[in-house]
Amino acid sequence: MVDEESVPDPYKDVQPHWFFCCRADDSTSWLPFSREDSDKLENTYTTGNQDEEVVIAVDGERYDVHVKERKRYAVYWEQAPTEVRRCTWFYKGDKDTRFMPYPEDFSKMLEDAFKEAVTSDQWKKKIDFPTGETVIIHNPKLIMQYQPIGLQDDWISSPSEQTRPRTVKRGVDSIPIDIPDGEPDKVDHLVFMVHGIGPACDLRFRSIIQCVNDFRSASLSLLASHYKRAQQDGLVGRVEFLPVNWHSALHGDATGVDEDIQRITLPSISRLRHFTNDTLLDLFFYNSPTYCQTIVDTVASEINRLYALFKQRHPDFNRAVSLVGHSLGSLILFDLLTNQKTESKVPSGDPSSLSSNTLEQILTKLDLKQYLGILKSENLDLESLSLCKESDLKDLGIPLGPRKKILNYIKRRWLPEECKAAATLQMQDPQIPGHDADGLAGLSSEQSSFYRAQAVTSAVDYEYFDVGIGQVSIDYPQLAFQPQAFFAFGSPIGMFLTVRGLKRIDPNYTFPTCKSFYNIYHPYDPVAYRIEPMIVSEVDLEPMLIPHHKGRKRMHLELKDSLTRMSMDLKNNVLGSLRTAWQSFARMPVAALPSVEEGETSADANPQEAQASAADSNADANKGDRNADIWSKILEWPGAIHTHYLKGVCVEAESSMNAEQTENSEIKMGMLNGGRRIDYVLQEKPIESFNEYLFAIQSHLCYWESEDTALLLLKEIYDKLGVAFEQPQQ
């Protein structure tokens, strides 16, 4: 008989997992793909032709992996390609925080040696590599790597550190690592997120791409917790968030503005001046007609490009789209939305159609059919032609006259007829003395929605002058879709509108193509301003408090409200008791007479007889009765306060809360958000409440990591889709 313990374990192939490299500053880390993406890559690697390049979409189709090249490319934004590995063996040094994968050729050599050791049952096998490393396979659970002294770090001096080995593990299942869950293929909603000033979006100086990635991860986590049942029933997929970067276009080589600013910048405090030039100057650039045109053109063209690319990669997507703007990005989107043309309403089915005419028909109408071949050679259709600038047509060799005709016709097609008819109207503020307030009566609802003081500007082509609230010298481009909602994070929109001379917003005003608007801000954000007081100025309304994503109010806010209510009630009761006692002291002798006892009526005693008997009685007795009545009222203070707090506080607080809610619901907030509230405020954290100035800058950059903000977006999106919201149990 053969001893079963002497029989070696059968060899099993290692299960590979695919990783991608992530470089940040001076550090390099390897992150795993989701199991779904890794399985797709592995199936392509094992079943496909190794000599042919195959492209696999991963990470929600935001990246493409070239399997043969072992590279990962971003689809929607500019990013350097990153390395991809098919990983089977991993190592970790004493000072490493996580296991790192070996190169594929190194892993293959280790796997061959491990297979030989298992099949031959010969352990403590030593493997020398050409690079000088030595790996010793002591047993299946203990494998160590020893580096040569020449490859050690220069600062390592002690012999013990030079000979300290690395721990080697086989297979991804043997190392502690969090493999992310795959994203659902179904996209329920598309959101474009526009950043504010500067290239960095938070205190860690991360780019808009990294911040949007965190916001997307938070939304996926909230969908799993707050829409769990809907996900299980297949009613909920995911929301796709895509970043819109305009800073690089403004500060790139195309404008040359950085070189011009650098020539006039003082050499002192260079780091601070560089930070100012790179961030704060964006505000001044947006107020400049030249660079403002560049910014709005870049934002609109980038959004349209991302939308067209997304539709190309998701041909079955027919859901709504929303916009998110942070800081200055919210003002850019606000100006774009107020200057959208109603004729750009997308017909059913084709969101990219400009009109019913074809390109050939338009050129024939303009007597420019000879340029049809040039435009078709560049694959230009009506949508792409509407995004072209004069410089683009000039590069195609089209002369000046035909260029002007084409661009003029495109602008006319996008301009609504009602704006053409009233293009020369100047909007006056009815509150300014000397202006006829009745002059606004003849304007349409869209034209009279905003009241503007008369301003003197540079020469404007009033044939295309839009009566919106943007800068009058800017030709605002059009979006290729109608947004469902617009969310502003930490927005200075209210301040900019006031500075532009806008006194108030007509309650009947709404964006031409967007029906929902939310102004979300942190209470300590120094850049944020409110919108509702510009619509309803006669009522002082508190902003809507955004609930905590765990379904409760923060404890320190509840305690603060309770203490405030208790102190006010205590103050009112004490003052009331003191007022009653003082009135008793100052009361006239007639008023100080004892009251009618219980069960005694006025008919039982004649007032004249009472007065006569009182005059005949002892005056000292009456004085004693009056003093006793005063002290009895004073002694009743604790009982009155106790009775009030036991019986009256909760009822009074509840009634006042219900009255406030009823009052708020009766107030019409205008149509900018469909009659609903517009201003929403986040709950500050307990540590932030100690010093609001200390956390002011952080408050302006907190929205990218705020789960409360992400949940508000998801509720707005899925409420429109009719999906029930679930509050998870604590």
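At what angle do the axes of helix α4 (residues 208–226) and helix α25 (residues 707–720) cross? In this predicted model, the two axes cross at roughly 65° and come within 9 Å. The crossing of α4 past α25 is right-handed. On the α4 side, the contact is made by F215, A218, S219, L222, L223 and H226. On the α25 side, E707, T709, A710, L711, L713, L714 and Y718 take part. Sorted by class, this contact has nine nonpolar residues, three polar residues and one charged residue. Two packed helices are described by the angle between their axes and the distance between the axes.

The next topic is strand pairing. Strand β1 pairs with β2 and is also joined to β6, as the table lists.

| Strand | Partner strand | Direction | Bridges | A facing pair |
|---|---|---|---|---|
| β1 (residues 17–24) | β6 (residues 82–87) | antiparallel | four bridges | F19 opposite R85 |
| β1 | β2 (residues 27–32) | antiparallel | six bridges | R23 opposite T28 |

β1 and β2 form a hairpin with two residues between the strands. In this hairpin, D25 takes a positive phi near 60°.

A last point concerns K115, a residue of helix α2 (residues 104–120). Is K115 exposed, buried or partly exposed? K115 counts as partly exposed because its relative accessibility is 41%, and this class lies between the cut-offs of 20% and 50%. K115 and Y11 are 104 residues apart in sequence, yet their C-alpha atoms are 6.5 Å apart in space.

Terms used: Residues are numbered from 1 along each chain as its sequence is written. This is a predicted model: local features need pLDDT of at least 70, side-chain atom pairs count only at pLDDT 80 or more; totals for chains, interfaces and linings use all residues. Side-chain values use heavy atoms; hydrogens and water are left out. Two strands pair if DSSP finds at least two bridges between them. Buried means under 20% relative accessible area, exposed over 50%, partly exposed in between (1.4 Å probe, protein chains only). Axes are lines fitted to C-alpha atoms, for helices over the stretch in contact, and angles run from 0 to 180 degrees between N-to-C directions. A crossing is left-handed if the near helix is turned anticlockwise from the far one by less than a right angle, and right-handed if clockwise. Contact means heavy atoms within 4.5 Å. Ala, Val, Leu, Ile, Met, Phe, Trp, Tyr, Cys and Pro count as nonpolar, Asp, Glu, Lys and Arg as charged, and the others, Gly among them, as polar.
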